[in-house]
Amino acid sequence: MVGSSATMSLSGSLENGKSVMSFDPTAVVAEPVPPVVETNADDGGNKREIVLGRNVHTTCLEVTEPDADDESTGDKDAYMASVLARYRKTLLERTKHHLGYPYNLDFDYGALGQLQHFSINNLGDPFIESNYGVHSRQFEVGVLDWFARLWEIEKNDYWGYITNCGTEGNLHGILVGREVFPDGILYASKESHYSVFKAARMYRMECIKVGTLITGEIDCSDFKNKLLPNKDKPAILNVNIGTTVKGAVDDLDLVIKTLEECGYSHDRFYIHCDGALFGLMMPFVKKAPKVSFKKPIGSVSVSGHKFVGCPMPCGVQLTRLQHINALSSNVEYLASRDATIMGSRNGHAPIFLWYTLNRKGYKGFQKEVQKCLRNAHYLKDRLRGAGISAMLNELSSTVVFERPRDEEFVRRWQLACEGNIAHIVVMPNVTIEKLDYFLNELEQGRSIWYKDENILPPCLAADIGSNNCSCALHK
């Protein structure tokens, strides 16, 4: 188990009249995590809430002023080296027990270390060179062209940029939709990423939540019912290419058909596709529906730190060139155009993306996608074989299963949870050996959690369907 101590494991000594703090670089200290408490929900059941406590900063690393003689003694440098060595060991341990979030941790960018000495900033529009010369626009546009080919749009017809994260891609895509249709209504399924609803609040947009099927994909019957009373206003729609919790893929073709059946012509709706994780996986899944600009969509975004495996958060956002003029303006200070959410943008991220796209190519990604899907099916089958409720959507590598009863176990494996369900996102770095390691610990844990025959695993029929539930009623 991860060390349970909440202190920094410091030891003090007195040398030459001053206190010297020493670190054990081999120690691993658990992160401070806000406690989870049970409160009575309105329906009489237990509702989990995160409570921020004052102890959340007890393990912070204080910034201290150097002593006058630090430059000659080297004490400060030695201290900081110890901190970093210890932090690296913590990262190695945490990476070993990482399963719940969609990050590909299998990468090696050692060749790019030579560029870390430069402050690379892609200010402004990537297609207009500003007065700031230390940029990586040539890499950025190369990456954007690669994604334009993937999503079937000509170079002269698209505009895009490398974002700082997936959320920024959603914020930008929805903003473009709002600028194209200022009086439009935003529609999004209730299982959309929280950033979609954040965008609605930020832009003061009317937002209507649409119901979902048991799989997590948008319920187009409910979508139709929500559209019809608002036919006088344009529709701005977020389509999920892999929902956050269940990895469900909204049926883009059915969504477009529903809009058309409700009387919306193609010039009265805007579709943003949130492809954070699966937007890059789906093109390499046989018989999967296409996300393509040949269809009447307005924008697509993906994360670069998820399936691609970039070491810093980043993403890619593409929209139609005809739309971008609605929100762009010239900035003399930059000698460029302002069409992005952020001003300064990480110029290193495009280089990392360019590097891995060149190394792997379409065939490399296809191989990794197949591996992820294969291992996800293995995990689902092992869980069901052990009598544990589990679900895996057809186009997904996200396995949803019964939430472990022990919160320490949840934190150890960094599982993403919602209500009575948890999930594991099978990424290229998740091997069969790692899954077996997890499954063995889970089965051992369940033998303790459910030792009392009066305590039973929860019924997940309402969450993942009765056919995927292994509770006493449905197994």
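**Two sheets and a surface patch**

Asp 274 stands opposite Ser 301 in strand E10. The model is predicted: local features need pLDDT of at least 70, side-chain atom pairs count only at pLDDT 80 or more, and totals for chains, interfaces and linings use all residues. Residues are numbered from 1 along each chain as its sequence is written, and side-chain values use heavy atoms, with hydrogens and water left out.

Strand E9 (residues 269–274) and strand E10 (residues 299–303) run parallel and are joined by three bridges. Strands (E, at least two residues) and helices (H or I, at least four) are DSSP runs, numbered from the N terminus, and two strands pair if DSSP finds at least two bridges between them. An open sheet of seven strands, with mixed pairing, follows the order E5-E11-E10-E9-E8-E6-E7. Strands E5 (158–163) and E7 (207–210) each have a single partner strand, so one side of each lacks a neighbour in the sheet.

Helix H7 (residues 252–261) lies across E8 and E9, at about 165° to E9. Contact here means heavy atoms within 4.5 Å; axes are lines fitted to C-alpha atoms, for helices over the stretch in contact, and angles run from 0 to 180 degrees between N-to-C directions.

A further open sheet has four strands in the order E14-E15-E17-E16, with antiparallel pairing. Its edge strands are E14 (390–392) and E16 (416–418), each pairing on one side only. Within E17, Ala 422 is the bridge partner of Phe 401.

Elsewhere, Tyr 103 lies in the loop between helix H2 (75–96) and helix H3 (137–150). Tyr 103 counts as partly exposed because its relative accessibility is 30%, the class between buried (under 20% relative accessible area) and exposed (over 50%), with a 1.4 Å probe and protein chains only.
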